[in-house]
Amino acid sequence: MAASLTVGDLFKAKAVTDEQVNAAVERYLAAPETSAHPIAEGYTVNLAAAVAGHGWASRAAANPRTHPLLKRAAVQTAILLARARKARTVSRKARTDPPAPR
């Protein structure tokens with residue numbers, strides 16, 4: 001898969017499920033400052049940046065008078081349009097090395 005896929009692209013490719021998208025929406029609604037949310041195996045999405053970068057979603061999420069269903073739909077749209085990033089992996093050596101003594 002290409003390096004700059006959107007969450008929507010991953011969803012179409014069946015690499016992301018409805019449940020994973022819904023979990024990302026719920027996570028954003030509970031903690032809007034979330035930056036690196038694991039969206040699928042090997043991918044993360046910056047939820048805060050996704051919503052902040054989408055004008056309608058940003059305004060809807062910030063407005064306390066926005067109906068909860070509309071807020072949820074706006075956040076979901078922003079997440080689906082957001083670029084997924086390859087998750088950083090820890091090298092095998094780093095995982096097996098014991099912590100250095102202090």
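**A note on H37 and the core around it**

1. Let's begin with one residue: beyond its neighbours within four places in sequence, H37 is in contact (heavy atoms within 4.5 Å) with A23, A24, R27, Y43, T44, V45 and L47. H37 belongs to strand β1, residues 37-40. With a relative accessibility of 12%, H37 counts as buried, a word used here for under 20% relative accessible area, with a 1.4 Å probe and protein chains only.

2. A word on the model: it is predicted, so local features need pLDDT of at least 70 and side-chain atom pairs count only at pLDDT 80 or more, while totals for chains, interfaces and linings use all residues. Residues are numbered from 1 along each chain as its sequence is written, and side-chain values use heavy atoms, leaving out hydrogens and water.

3. For orientation, the chain has six helices and three strands, in the order α-α-β-β-α-α-α-β-α from the N terminus. These are DSSP runs: helices (H or I) of at least four residues, strands (E) of at least two.

4. Now the interior: the largest nonpolar core (buried Ala, Val, Leu, Ile, Met, Phe, Trp, Tyr and Cys joined through side-chain atoms within 4.5 Å) has 24 residues. Among those with the most contacts inside this core are I39, Y43 and V51. At least two core residues come from each of α1 (7-12), α2 (18-30), β1, β2 (43-45), α3 (47-52), α4 (55-62) and α5 (68-81).

5. V51 deserves a look too: setting aside neighbours within four places in sequence, V51 is in contact with Y28, A57, S58, A61, V75 and A78.

6. Finally, the whole chain: 32% of its 102 residues count as buried.

Methods. Buried < 20%, exposed > 50% of the residue type's maximum accessible area, 1.4 Å probe, protein only.
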